[in-house]
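Colleague: I would like a close look at a single part of this model, and I am reading it as a first-year student would. Could you take me through its pockets slowly, and then show me how the parts around them fit in?

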Amino acid sequence: MRTLLWTVQVLLAAAFLAHGLLLLFPPASIVDQMNASLARWFQLFIGISELLAAVGLTLPGITRIQPWLVPFSAAGLMFVMISATVFHLTRGEVSSAVTTAVLLVLLTFVAYMRWRVMPIRPRIAA
């Protein structure tokens with residue numbers, strides 16, 4: 001179970017790192033399309049939030065410094081994924097809504113497991 005949990009955490013971190021970078025540095029070919037659907041300031045806000053959460057899903061657990069940040073990062077991204085799912089459904093983008101819903105389920109799994117079932121123990125100060 002520990003290996004599965006770490007695998008899911010790393011894959012989620014990679015997905016949100018990639019999406020955060022896409023929002024921060026969009027390819028020229030899709031800038032107009034992105035700006036038509038979301039304000040640029042909101043894209044920057046979500047991009048930075050996703051980058052920070054990607055770090056929060058992995059780094060505190062690896063270093064065991066402030067490991068409580070792992071479930072909090074997952075919980076924060078849960079709100080983003082709920083909002084993204086609703087956004088895509090209102091636009092009729094069912095495949096994107098399904099993707100965000102799957103990410104929501106995986107984030108819920110990580111948040112619950114790291115909060116209640118298998119929390120990461122903090123490093124003991126020497």
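Modeller: What follows starts with the chain as a whole, goes on to the pockets, and ends with the loop and the helices around them.

Please keep in mind throughout that this is a predicted model. The protein chain holds 5 helices and 0 strands, and if you read along the sequence you will find the pattern α-α-α-α-α. Along its principal axes, the C-alpha trace of the protein chain spans about 55 × 25 × 20 Å. Of the 126 residues in the protein chain, 35% count as buried.

Now to the part you asked about. Rolling a probe the size of a water molecule over the atoms shows where empty space is left. The largest pocket found in this model has a volume of about 800 Å³. Its lining is made up of 26 residues, and those closest to its centre are His19, Leu38, Ala84, Phe87 and His88. Which helices supply at least two residues each to this lining? They are helix 1 (2-24), helix 2 (31-37), helix 3 (40-63), helix 4 (69-90) and helix 5 (94-117). Helix 4 gives the largest share of the lining, with 6 residues. When the residues of this lining are sorted by class, 14 are nonpolar, 9 are polar and 3 are charged.

The second largest pocket has a volume of about 180 Å³. Around the second largest pocket you will find Arg2, Trp6, Arg64, Arg114, Met118, Pro119, Ile120 and Arg121 as the lining residues. By class, this lining divides into 4 nonpolar and 4 charged residues, with no polar residue.

One residue of that lining, Arg64, leads us to the loop between helix 3 and helix 4, where Arg64 is found. Because its relative accessibility is 39%, Arg64 counts as partly exposed. The backbone deserves some attention here. Most residues other than glycine have a negative phi, and most peptide bonds are trans. Phi of Arg64, however, is near 60°, which is a positive value in a residue other than glycine. Gln66 also has its place in the loop between helix 3 and helix 4, and its phi is near 55°, again a positive value in a residue other than glycine. Gln66 has a relative accessible area of 40%, so it is classed as partly exposed.

The loop between helix 3 and helix 4 also holds Trp68, which counts as partly exposed because its relative accessibility is 43%. On the surface, Trp68 joins Leu69, Phe72 and Trp115 in a nonpolar patch, and together these residues have about 420 Å² of accessible area.

On either side of this loop, two helices can be followed with a residue or two as landmarks. In helix 3 you can look for Ala54, which is buried because its relative accessible area is 5%, under the cut-off of 20%. From Ala54 to Gly76 there are 22 residues in sequence, and the distance in space, C-alpha to C-alpha, is 11 Å. In helix 4 you can look for Ser83, which is partly exposed because its relative accessible area is 48%. The C-alpha atom of Ser83 is separated by 10.0 Å from that of Ala97, and these two residues are 14 residues apart along the chain.

The charged side chains offer one further landmark. Side chains of opposite charge can pair when their charged atoms come close. A search of the whole structure finds 1 salt bridge, in which the side chains of Arg91 and Glu93 meet at 3.0 Å, N to O. Arg91 counts as partly exposed because its relative accessibility is 43%, and Glu93 also counts as partly exposed because its relative accessibility is 24%.

Finally, helix 5 contains Val110, which counts as buried because its relative accessibility is 0%. The C-alpha atoms of Val110 and Thr99 are separated by 17 Å, with the two residues 11 residues apart along the chain.

To return to the pocket with which we began, I would suggest finding His19, Leu38, Ala84, Phe87 and His88, the lining residues closest to the centre of the largest pocket, and then tracing helix 4, which provides the largest share of that lining.

Conventions: Residues numbered from 1 in each chain as written. Predicted model: local features only at pLDDT ≥ 70, side-chain atom pairs only at ≥ 80, totals over all residues. Heavy atoms only, no water. 1 Å grid on protein atoms, 1.4 Å probe; cavity = no way out; pocket = protein on both sides within 12 Å on 5 of 7 lines; lining within 4 Å. Points joined across faces, edges and corners; volume = space filled by probe spheres on them. Helix = DSSP H or I, 4+ residues; strand = E, 2+ residues; numbered from the N terminus. Nonpolar A, V, L, I, M, F, W, Y, C, P; charged D, E, K, R; others polar. Patch = residues over 30% accessible without salt bridge, like charges linked within 9 Å, V, L, I, M, F, W, Y side chains within 5 Å. Areas by Shrake-Rupley, 256 points an atom, 1.4 Å probe, with all protein chains shown as cover. Salt bridge = Lys/Arg side-chain N within 4 Å of Asp/Glu carboxyl O. Buried < 20%, exposed > 50% of the residue type's maximum accessible area, 1.4 Å probe, protein only.
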